[in-house]
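Here's a predicted model to pick apart. Let's go through the labels one by one and check what earns them.

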Amino acid sequence: MKASALPDPSRFAFIVGAPRCGTTTLASFLQQHPDVCFSAVKEPHYFSLHDLGGLDDEALRQRVNEEYLARFFDDCGGKEMMAEGSVTYLYAPEKMEPILRMWPNAKFVIALRDPLAMLPSLHARLLVTGDENIADFTHAWDKVGDRAQGRSIPRSAIDPRFLRYDEAGMLGSRVDQFFKAVGRERCEVVLFDDLASNPDGTYRRLCAFLGLKPWPATDLTAQRVHMSFRFGWLQRLLKRPPKAVRTILAGEKFRQREKRLDAGEGRVIEAIFKIRKRLLNWNKVPAKRQPIDPRVRGEIIERLRDEVILLSKLIDRDLSHWLGGVPEANPAARQALRA
């Protein structure tokens with residue numbers, strides 16, 4: 001796609017994470033808006049996967065046009081804004097500089113959630129995507145030390161950083177670093193609490209931040225309900241197949257990210273897609289939510305309490321109800337949250 005074919009090159013919105021904090025629901029809001037061209041794949045992860053910082057402006061523009069825009073934004077005629085939703089961007093603020101060079105007025109949406117709810121949900125999601133192979137969250141949490149040393153990482157994991165549940169929950173530090181990288185004024189923070197309790201108000205604030213007129217026909221239903229599966233090995237095979245058969249067994253989203261743009265699917269590939277989809281649907285079952293082990297709960301609270309205090313200061317919100325309300329039991333922490 002030629003740069004001249006884009007809507008307004010200054011209007012680009014990025015939903016950058018954190019994972020399992022409502023990013024899919026926020027993406028669905030924008031996908032439905034008639035003035036927004038959302039990426040063909042919700043999470044291209046393009047700028048976190050490629051090191052583009054060393055390119056000069058001309059080389060950067062050519063590469064992004066040919067490899068990113070042509071692949072994920074091939075049909076944006078008549079749209080005012082482009083948008084995508086790669087949750088890895090929050091964890092790679094140093095990779096945002098090329099975005100700011102391409103779109104100087106780009107805006108970023110950061111979704112956040114109480115780590116006590118976010119981390120088990122992230123673990124469950126990584127099981128579904130095939131990136132995690134430890135079924136029990138307690139055991140997965142106990143492996144973060146090994147994984148920090150590069151051990152106990154499944155071969156199927158695309159981004160092992162998310163298996164570091166302790167670091168994934170460091171929302172205060174992540175937001176602080178992201179603000180410093182792109183500028184606080186470019187960012188809108190959306191709390192899962194608000195999205196769940198007042199989706200209409202959250203949607204209207206999102207539109208106001210992005211300079212969009214709210215679309216009255218927007219379905220505000222929450223997306224991506226909590227699901228699990230019958231057989232882990234089958235889930236990993238279909239969601240994260242080995243490299244030798246990846247081009248055949250990988251899903252459409254993976255192929256959209258990786259395939260040659262001039263490559264057709266063919267009848268055989270289309271048939272395999274249909275079989276794969278049927279197997280995934282058969283393997284899908286409703287998830288049973290399990291309470292967090294008290295020991296692990298205490299470790300999460302102890303490790304991430306300062307992160308919640310920092311985040312509270314950064315976004316000027318009282319988050320003393322997060323982490324099970326434990327900061328409320330600590331007068332010093334409570335005062336720091338509200339300082």
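Q: Are Cys37 and Cys76 buried or exposed?
A: Buried, both Cys37 and Cys76. The label asks for under 20% relative accessible area.

Q: What makes Cys37 and Cys76 a disulfide?
A: The sulfur distance. A pair of cysteine sulfur atoms has to be within 2.5 Å, and Cys37 and Cys76 sit at 2.1 Å, S to S, so the pair qualifies. A search of the whole structure turns up one disulfide.

Q: What does the link of Cys37 and Cys76 tie together?
A: Parts that are 39 residues apart in sequence. Cys37 belongs to strand β2 (residues 36-38), while Cys76 is in the loop between α3 (57-72) and β3 (81-84).

Q: Why is the link of Cys37 and Cys76 called left-handed?
A: Look at the rotation about the S-S bond: it is -70°, and the link is left-handed.

Q: How do you know that Cys21 is buried?
A: Its relative accessible area is 1%. Buried means under 20%, so Cys21 passes. Cys207 is buried as well, with a relative accessible area of 1%.

Q: What is the strand order in the open sheet of five strands?
A: The order is β2-β3-β1-β4-β5, with parallel pairing. The twist averages 25° from one strand to the next.

Q: Why are β2 and β5 (187-191) said to stand at the edges?
A: Each has a single partner strand, so one side of each is left without a neighbour in the sheet.

Q: How do you know that β4 (residues 107-112) and β5 pair?
A: Count the bridges. Pairing takes at least two, and β4 and β5 have five, in the parallel sense, so they count as a pair. One residue to click on is Phe108, whose bridge partner in β5 is Cys187.

Q: Which helices pack on the sheet, and which strands do they touch?
A: Helix α9 (residues 171-182) is one of them, touching β1 (12-17), β4 and β5, with its direction at about 175° to that of β4. Helix α11 (residues 199-210) packs on the sheet too, touching β1, β3, β4 and β5, and its direction makes about 155° with that of β4.

Q: What is the mean pLDDT of the chain, and where does pLDDT stay under 50?
A: The chain averages 85, and 81% of its residues reach 70 or more. Over residues 1-7, though, pLDDT is below 50, and over residues 326-339 it stays under 50. Where pLDDT is low, the predicted coordinates should not be read in detail.

Methods: Residues numbered from 1 in each chain as written. Predicted model: local features only at pLDDT ≥ 70, side-chain atom pairs only at ≥ 80, totals over all residues. Heavy atoms only, no water. Helix = DSSP H or I, 4+ residues; strand = E, 2+ residues; numbered from the N terminus. Buried < 20%, exposed > 50% of the residue type's maximum accessible area, 1.4 Å probe, protein only. Axes fitted to C-alpha atoms, helices over the stretch in contact; angles between N-to-C directions. Contact = heavy atoms within 4.5 Å. pLDDT = per-residue confidence, 0-100.
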